[in-house]
Amino acid sequence: GTSDYWGYNGPTSNQGYPFLFFEEDLVQTGCNVSMDGACFPTLKEAFDIINMGSINGNIEIRINHSTTETATAVLTRDLDMSGSTLNIYPGKSGVIVSGDINGPIIQFEGTNNVTLDGRPMQVGIGANMLVRNNNTGSAATAVSITASSSNNSVQYVKMECGKGAASSNGVLTIENANNNTAQYNDIKGTS
C-alpha cells in the first residue's frame, strides 16, 4: 500500500539518526508506525519500504500505537552493505505488535545491524513492548532471526506465542545466524 505523511513538526535528530517527530497525542488513522516522516498501519509495510532499498543511512522506526500484523513483517535488506543501522522501538508504554500467523510476527532474514528495543523511546529498564503471536501452529514464533543475519539485538521486549507453539519452534528463534544478542527480554507462551 501507499503511505501518507501525517502532521509532522519538521525534521529533528535523535542520536544522529534521521527521524521526523510526531506529536505524542496526534491521532491519525493508520499512523501506527512512523519512519522517515511517513506513517504506516503495520510494521510489515515499513519493512517493505526498507527492503526496496529506497531509504539509506541510519533509520529509526517508532511504533506509536499497537498494530495487528496479518502477514510476517520480514526485513531482508542487508543494512551492513550500505553502512546503515536500524533501530525499532515503541513511542510509548503498552504498545503491542500482534498477529495470528503460523510463522514469525517479526523476522530478520539475512539482515544486519538491527536493534529491536522494547523500551519506550529507548529509555528506561524492563521489558515493555509486547510482540504476541496468537497462532498455535508448529511454525508460529514471535521473533525470528535467520539466514546469516548478524549483529542484531532484541532487548527489553516481551514475547508471547500461542499455547503449544513454543514447544515445537520457540517464542524467539535464532538459526543460521551469528553474533546476535537477546537480552533483558520477557519470553513466555500465551494462555
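How many residues apart in helix α1 are Asp-48 and Lys-44, and by about how much of a helical turn are they separated? The tour reaches that pair after a look at the whole chain and the sheet. The model is predicted.

**Whole chain**

Show the protein as a cartoon. Its secondary structure consists of two helices and 18 strands. Switch to a surface: the accessible area is about 8300 Å², and carbon and sulfur atoms hold 46% of it. Of the 191 residues, 50% count as buried. Among contacts with a separation of 6 or more, 79% join residues 24 or more positions apart.

**The seven-stranded sheet**

Select β4, β3, β5, β8, β11, β14 and β17. In that order these seven strands make an open sheet with mixed pairing. Its edges are β4 (38–40) and β17 (181–183), each of which pairs on one side only. From one strand to the next, the twist averages 15 degrees.

Within this sheet, pick residues 114–117 and 153–155. These are β11 and β14, which pair in the parallel sense over three bridges. To see one position, label Thr-115 and its bridge partner in β14, Ser-153.

**Helix α1 and its salt bridge**

Next select residues 43–51. This is helix α1, lying across β3 (33–35), β4, β5 (59–63) and β8 (86–90). The helix runs at about 170 degrees to β5.

Show the side chains of Lys-44 and Asp-48. They meet in a salt bridge, at 2.8 Å from N to O. The opening question is answered here: the two residues are four apart in helix α1, so about one helical turn separates them. Asp-48 is partly exposed, with a relative accessible area of 30%. Lys-44 is also partly exposed, and its relative accessible area is 26%. Side chains of opposite charge can pair when their charged atoms come close.

**Strand β15 and its partners**

Move to residues 157–161, strand β15. Four of its five residues are buried, leaving the strand mostly covered. Add residues 129–133: this is β12, which pairs with β15 in the parallel sense over five bridges. Leu-130 stands opposite Lys-158 of β15. Then add residues 186–189, strand β18, which pairs with β15 in the parallel sense over four bridges. Here the bridge partner of Cys-161 is Gly-189 in β18.

**The other salt bridges**

A search of the whole structure finds three salt bridges. The Asp-48 and Lys-44 pair has been visited; two stops remain.

Stay with β12 and β15 and show the side chains of Arg-132 and Glu-160. They form a salt bridge whose closest N and O atoms are 3.2 Å apart. Arg-132 sits in strand β12 and Glu-160 in strand β15, 28 residues apart, and the pair links distant parts of the chain. Is each residue buried or partly exposed? Arg-132 counts as partly exposed, because its relative accessibility is 25% and the buried class lies under 20%. Glu-160, at 14%, is buried.

Finally, return to the end of β11 and select Asp-117 and Arg-119. Their side chains meet in a salt bridge, with 2.7 Å from N to O. Both Arg-119 and Asp-117 are buried.

Note on methods
Residues are numbered from 1 along each chain as its sequence is written. This is a predicted model: local features need pLDDT of at least 70, side-chain atom pairs count only at pLDDT 80 or more; totals for chains, interfaces and linings use all residues. Side-chain values use heavy atoms; hydrogens and water are left out. Two strands pair if DSSP finds at least two bridges between them. Axes are lines fitted to C-alpha atoms, for helices over the stretch in contact, and angles run from 0 to 180 degrees between N-to-C directions. Contact means heavy atoms within 4.5 Å. Buried means under 20% relative accessible area, exposed over 50%, partly exposed in between (1.4 Å probe, protein chains only). Accessible areas come from the Shrake-Rupley method with a 1.4 Å probe; for residues, only the protein chains shown count as cover. A salt bridge is a side-chain nitrogen of Lys or Arg within 4 Å of a carboxyl oxygen of Asp or Glu.
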